[in-house]
Amino acid sequence: MPTQRHAATSGPSPNRRPPARPQPTSKLAAAQAAAALRQLAAKGVLTGQADKVSARIDHGLLQAAARKIGSSNTTEVVQAALAAFVAPDPFVEWLLSDKDRLPADFELAI
């Protein structure tokens, strides 16, 4: 039986492009994830050290999140999800606050 030999390569072929990064299905979600990570970095929440985490995540959920932010890298997808969960949402904070509310005795003059 003839043996098939493969030439050893020392790196990627110069004619070969790296795989294209998938485009996000929601540019808003990708921007929100990036903003959340920047905000957490500015607040000193991010340490620059990584912990290895093992989790079972429904394949469909992971793929949907990956498509939404435009990354097939599981680490990036999980980090984006956690950052979005941890970073405060300014709209929600405003909505739940007493700031900019009308006084209880306010009457609309008609």
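Is Leu96 buried or exposed? Let's start there. Leu96 is exposed, because its relative accessible area is 68%, and exposed means over 50%. One point before I go on: this is a predicted model.

Where does Leu96 sit? Its place is in helix H4, which covers residues 90–96. Leu96 also belongs to a nonpolar patch on the surface. The other members are Phe91, Val92, Trp94 and Leu95. Together, the five have about 520 Å² of accessible area.

Now the overall layout. The chain has four helices and zero strands. Read from the N terminus, the order of elements is α-α-α-α. The chain has 110 residues, and 13% of them count as buried.

Next, the pockets. Why use a probe at all? Rolling one the size of a water molecule over the atoms shows where empty space is left.

The largest pocket has a volume of about 790 Å³. It is lined by 21 residues. Which of them are closest to its centre? They are Asp51, Val53, Val78, Gln79 and Leu82. Two elements give two or more residues to this lining: helix H1, residues 27–42, and helix H3, residues 74–86. H3 provides the largest share, with seven residues. By class, the lining of the largest pocket holds 13 nonpolar residues, six polar ones and two charged ones.

On to the second largest pocket. Its space comes to about 520 Å³. Here, too, 21 residues form the lining. Closest to the centre of this pocket are Gln32, Ala33, Ala80, Ala81 and Ala84. Which elements give two or more residues to the lining of the second largest pocket? They are H1, H3 and helix H2, which spans 59–69. H1 makes the largest contribution to this lining, six residues. As for class, the lining of the second largest pocket has 17 nonpolar, two polar and two charged residues.

Let me finish with two single residues. Take Gln63, found in helix H2. Gln63 is partly exposed, because its relative accessible area is 32%, and partly exposed means between 20% and 50%. Now pair Gln63 with Val77. In sequence, Gln63 and Val77 are 14 residues apart. In space, their C-alpha atoms are 9.2 Å apart.

The other one is Gly70. Where does Gly70 lie? Gly70 is in the loop between H2 and H3. Why does Gly70 count as buried? Its relative accessibility is 2%, and buried means under 20%. Gly70 pairs up with Ala30 in my notes. Along the chain, Gly70 and Ala30 are 40 residues apart. Their C-alpha atoms are separated by 7.1 Å.

So, to recap the places to look. See H4 for exposed Leu96. See H3 for the largest share of the lining of the largest pocket. See H1 for the largest share in the second largest pocket. And see the loop between H2 and H3 for Gly70.

Notes: Residues are numbered from 1 along each chain as its sequence is written. This is a predicted model: local features need pLDDT of at least 70, side-chain atom pairs count only at pLDDT 80 or more; totals for chains, interfaces and linings use all residues. Side-chain values use heavy atoms; hydrogens and water are left out. Patches are made of residues with over 30% relative accessible area and no salt bridge: like charges are joined within 9 Å, nonpolar side chains (Val, Leu, Ile, Met, Phe, Trp, Tyr) within 5 Å. Accessible areas come from the Shrake-Rupley method with a 1.4 Å probe; for residues, only the protein chains shown count as cover. A salt bridge is a side-chain nitrogen of Lys or Arg within 4 Å of a carboxyl oxygen of Asp or Glu. Buried means under 20% relative accessible area, exposed over 50%, partly exposed in between (1.4 Å probe, protein chains only). On a 1 Å grid over the protein atoms alone, a cavity is a set of points where a 1.4 Å probe fits but cannot get out, and a pocket is an open set with protein on both sides within 12 Å along at least five of seven lines; lining residues have an atom within 4 Å of a point. Grid points are joined across faces, edges and corners, and a volume is the space filled by probe spheres set on the points. Ala, Val, Leu, Ile, Met, Phe, Trp, Tyr, Cys and Pro count as nonpolar, Asp, Glu, Lys and Arg as charged, and the others, Gly among them, as polar.
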